[in-house]
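Subject: A structure for you to explore

Hi there,

Here is the structure I promised to pass on. Have a look at it first, and then read my notes below.

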Amino acid sequence: MVQERTLPVFDTASAQIDKAEGLRLYEDMILGRFFEDKCAEMYYRGRMFGFVHLYNGQEAVSSGVIKSLRQDEDYVCSTYRDHVHALSAGVPAREVMAELFGKATGCSKGRGGSMHMFSSEHNLLGGYAFVAEGIPVATGAAFQSKYRRETMGNPNADQVTACFFGDGACNNGQFYECLNMAALWKLPILYVVENNKWAIGMAHERATSEPEIYKKAAAFGMAGYEVDGMDVLAVRQVAQEAVARARAGEGPTLIEALTYRFRGHSLADPDELRTKEEKEFWFPRDPIKKLGAYLVEHNLAEEEELKAIEHKIQEVVDDAVKFAESSPEPDPSELHRFVFAEDE
Ligand SMILES: Cc1ncc(C[n+]2csc(CCOP(=O)(O)OP(=O)(O)O)c2C)c(N)n1
Ligand SMILES: [Mg+2]
C-alpha cells in the first residue's frame, strides 16, 4: 500500500482568525461544494454538455488563496477545473451556472462552457483546457503589473496574480520556463499547485521523478512551500505570506497544496483506478467539515449559524439554476462576436 504524504497538523493558534473571517471562508467553501454538487445533478440530467471537471474536496485551496487576495484587483488564473476559482474570485453563481448551460448571460457569454470561465470585471484570466496553458498567461499578467509599476511609474500597479494548476501540469515545459522567468524578474505571482495525486488516471509518483513539487522552486532560487491543502487556515497563512512577498517586490512563490479530489477526473470518469483504501484515507479529511469543527470548537460560530449559511447558499445555487434555465441562448447571428477583445 502506498504511504500517503501528509504534513504535521497546522498550529491554528498562528492563524489569528476572527469570527467574520472564519464565516467568510466557510461560506466560500460551502458555495464551492454546493455549486459543484448541483453541476453534477444538472450534467446527469443532460442540461450541460462537454467535459465537466468538479472541484469537490479541493475547496480549501481556492478559498485559502483567493480570499487572501484583493478581490477584483488581483488576478486569478485557473485550469479546466475552474468553476470554484471563479466563484471565489467573485464571479456571481448565476453567471458561472449560465456559462455551464451555454447561455448568453454566462460569464463568457455562453461561448466557453465549463472549461473557459472568464471575467474581466473580476480579473479572472480564464479557465484553460490545455494542461499548463494558464501558466504563461498568468506569468504575463504578473509581468504587466511589475512593468506598469516600475517602468511606467504607476505606484498603484501592485496587483498580485494567483496561478492555479495541477500536479500533472508540473511535468509540462511551460511550468519550468515560466518559473525561471518569474524568479529572474521577481514577478508578483503565486504558483499554486493543487497536488491531488492524480492526472486523470496517472498516479503522480509514476509520472514524476521528484514528486515533492515544492522542492523544484529551489532550482530557480524561488521560495517554495508545501501545505496541507485540506486545511483552509494552513493554506491561508502560506498564501498571505506569499502575497505580502509578491506585493513587496520580493518575487514569486511556489505553493504545493496536498489535496484530493472527491470525485472522478470529470463527470464522464467512472473513477475506477483509485483504490478504496486511498479514498478512505482522504474522504474523512473533508476541508469543510474541518473548518466547521474548528469554528464551533473555538466558539467562533454556533452550529445554527453554519446551518444558516448552508441554507442561504443552497438558495443562491438554486437561484443560479433558475437564472441559467430562463436565460436566452446566444443568438446564432452573433457567432463571430467576442472573437476579438475590442468587440465588447
Ligand atoms: C497539453 C495537454 N495534454 C494533455 C491533456 C489531457 N489532459 C486533460 S486533464 C489531464 C490531467 C491533468 O492533471 P493535473 O494537472 O494533475 O490536474 P487535475 O485534473 O488533477 O486537476 C490531461 C493529461 C490536455 N488537456 N492538455
Ligand atoms: Mg492532479
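Let's start with a small puzzle: which residue in S7 does Val-192 stand opposite? The answer is Ile-255. Please keep in mind as you read on that this is a predicted model.

**The sheet**

That pair belongs to a bigger picture. Strand S3 (residues 189–195) and strand S7 (residues 253–258) run parallel and are joined by 6 bridges. Both strands are part of an open sheet of 5 strands, and following the order S1-S2-S3-S7-S6 you will find that the pairing is parallel. At the edges sit strand S1 (75–77) and strand S6 (223–228), each of which pairs on one side only. From one strand to the next, the twist averages 20 degrees.

Now look for helix H5 (residues 134–151). Helix H5 lies across S1, S2 and S3, and runs at about 170 degrees to S2.

**Around the ligand**

How many residues surround ligand 1? There are 15, and the closest are Val-131, Gly-166, Gly-168, Ala-169 and Ala-199. Strand S2 (161–166) and strand S4 (198–199) are the elements that give two or more residues to this shell. Sorted by character, the shell has 8 nonpolar, 4 polar and 3 charged residues.

**Helix H1 and what follows**

Here is a check you can repeat yourself. Helix H1 (residues 19–44) has 26 residues, so at 1.5 Å a residue it should span 38 Å. Its end C-alpha atoms are 38 Å apart, which agrees. Just after H1 comes Gly-46, with a positive phi of about 75 degrees.

A little further along is Gly-57, in the loop between H1 and helix H2 (59–66). Is Gly-57 buried or exposed? Gly-57 counts as buried, because 24 C-beta neighbours lie inside 10 Å. Leaving aside residues up to four places away in sequence, Gly-57 touches Thr-259, Tyr-260, Arg-261 and Phe-262. Gly-57 also shows how a chain can bring distant parts of its sequence together: Phe-283 is 226 residues away in sequence, yet the two C-alpha atoms are 8.0 Å apart in space.

**Helix H10**

Which residues of helix H10 (residues 287–297) are buried? They are Pro-287, Ile-288, Lys-290, Leu-291, Gly-292 and Leu-295. The elements that cover these buried residues include H1, H2, helix H8 (232–247) and helix H11 (303–326). As a rule, an α-helix has 3.6 residues a turn, so residues three or four places apart point the same way. Try tracing the buried residues of H10, such as Ile-288, Leu-291 and Leu-295, with that in mind. Just after H10, Asn-299 takes a positive phi of about 55 degrees.

**Two more residues to look up**

Lys-109 has a phi near 60 degrees, which is a positive value in a residue other than glycine. You will find Lys-109 in the loop between helix H4 (93–100) and H5. Lys-109 is partly exposed, because 18 other C-beta atoms lie within 10 Å.

Ile-200 is also a residue other than glycine with a positive phi, near 50 degrees. Ile-200 is in the loop between S4 and strand S5 (202–203). With 13 C-beta neighbours inside 10 Å, Ile-200 counts as partly exposed.

Enjoy exploring, and write back with any questions!

Best wishes

Methods:
Residues numbered from 1 in each chain as written. Chains lettered and ligands numbered in written order. Predicted model: local features only at pLDDT ≥ 70, side-chain atom pairs only at ≥ 80, totals over all residues. Near = placed C-beta within 6 Å. Helix = DSSP H or I, 4+ residues; strand = E, 2+ residues; numbered from the N terminus. Nonpolar A, V, L, I, M, F, W, Y, C, P; charged D, E, K, R; others polar. Pairing = 2+ DSSP bridges. Axes fitted to C-alpha atoms, helices over the stretch in contact; angles between N-to-C directions. Contact = placed C-beta atoms within 7 Å. Expected span 1.5 Å × (residues − 1). Buried ≥ 20, exposed ≤ 12 C-beta atoms within 10 Å, placed from the backbone.
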